[in-house]
Amino acid sequence: MKTATIQLETLTCPSCVLKIESAVKSLDGVEKESVQVLFNSSKAKFDFDGEKLSVEDVEKAITALGYEVKKSKEKAK
């Protein structure tokens with residue numbers, strides 16, 4: 001398992017948080033209970049299985065919703 005933090009563009013409303021959270025949770029390989037989208041800091045944090053999924057896959061899912069990904073980092077758990 002790995003942990004990732006993705007810095008997003010400034011989130012402007014709670015529904016943005018819910019959309020991103022839902023999209024990340026729907027991806028195979030993401031540990032659903034670990035997903036947190038933080039409104040004030042505009043970050044998404046989650047744990048994932050690096051063999052099933054990459055951070056880039058999650059970034060693509062977020063950008064497909066129309067949100068900009070500024071940067072991301074991952075580390076082994």
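Helices and strands here are DSSP runs, numbered from the N terminus. The model is predicted, so keep that in mind as you work through the exercises.

**Exercise 1. Work out where S34 sits, and whether S34 is buried or exposed.**

Start with the location: S34 belongs to the loop between α1 (14–25) and β2 (36–38). Next, take the accessibility. The cut-off for buried is under 20% relative accessible area, and S34 comes in at 17%, so S34 counts as buried.

Now see what the side chain is up to. A polar atom of the S34 side chain lies 2.6 Å from the backbone oxygen of E31. The S34 side chain also reaches the backbone nitrogen of D47, at 2.8 Å. Finally, look past the neighbours within four places in sequence: S34 is then in contact with K45, F46 and D47.

**Exercise 2. Lay out the sheet: what is the strand order, and which strands are at the edges?**

First, the order. The sheet is open, with four strands running β2-β3-β1-β4 and antiparallel pairing. β2 and β4 (69–76) are the edge strands, since each pairs on one side only. From one strand to the next, the twist averages 15°.

Then go pair by pair:

- β2 with β3: three bridges, antiparallel. Q36 stands opposite K45 in β3 here.
- β3 with β1: six bridges, again antiparallel. A4 has F46 as its bridge partner in β3, while I6 has A44.
- β1 with β4: seven bridges, with the strands running antiparallel. L8 stands opposite V69 in β4.

One last stop is the hairpin of β2 and β3. Four residues lie between its strands, and S42 takes a positive phi near 55°.

**Exercise 3. Follow A4: which strand holds A4, and what is A4 in contact with?**

A4 lies in strand β1. Five of the seven residues of β1 are buried, so this strand is largely enclosed by the rest of the structure. A4 itself has 0% relative accessibility and counts as buried.

For the contacts, set aside the neighbours within four places in sequence. What remains is A44, K45, F46, F48, V55, K73 and E74. Pick out E74 from that list: A4 and E74 are 70 residues apart in sequence, yet their C-alpha atoms are 4.2 Å apart in space.

**Exercise 4. Find the face of α2 (55–64) that is buried: which residues line it, and what covers them?**

Begin by listing the buried residues of α2: V55, V58, E59, A61 and I62. Seen down the helix axis, these fall within an arc of 160°, so they line one face of α2. That pattern fits the geometry of helices: an α-helix has 3.6 residues a turn, so residues three or four places apart point the same way.

Turn the helix over, and K60 and A64 are exposed on the other side of α2. Back on the buried side, the cover includes β1, α1, β3 and β4. Once α2 ends, G66 follows, with a positive phi near 100°.

**Exercise 5. Put the core together: how many residues does the largest nonpolar core have, and which have the most contacts inside it?**

As background, nonpolar side chains tend to be buried together in soluble globular proteins. In this model, the largest nonpolar core has 22 residues. I6, V30, F46, V58 and I62 have the most contacts inside it. Tracing where the core comes from, β1 (2–8), α1, β3 (43–48) and α2 each supply at least two of its residues.

Now take V30 as a worked case. Outside its neighbours within four places in sequence, V30 is in contact with V24, V35, F46, D47, F48, L53 and V58. Two of the other core residues with the most contacts, F46 and V58, turn up in that list.

F46 also ties the earlier exercises together. F46 is in contact with S34, and F46 is the bridge partner of A4. V58, for its part, is one of the buried residues of α2.

Technical notes. Residues numbered from 1 in each chain as written. Predicted model: local features only at pLDDT ≥ 70, side-chain atom pairs only at ≥ 80, totals over all residues. Heavy atoms only, no water. Buried < 20%, exposed > 50% of the residue type's maximum accessible area, 1.4 Å probe, protein only. Polar contact = N/O pair within 3.5 Å; in protein donor to acceptor, adjacent residues only side chain to side chain. Contact = heavy atoms within 4.5 Å. Core = buried A, V, L, I, M, F, W, Y, C linked by side-chain atoms within 4.5 Å. Pairing = 2+ DSSP bridges. Axes fitted to C-alpha atoms, helices over the stretch in contact; angles between N-to-C directions. Arc of directions from axis to C-beta.
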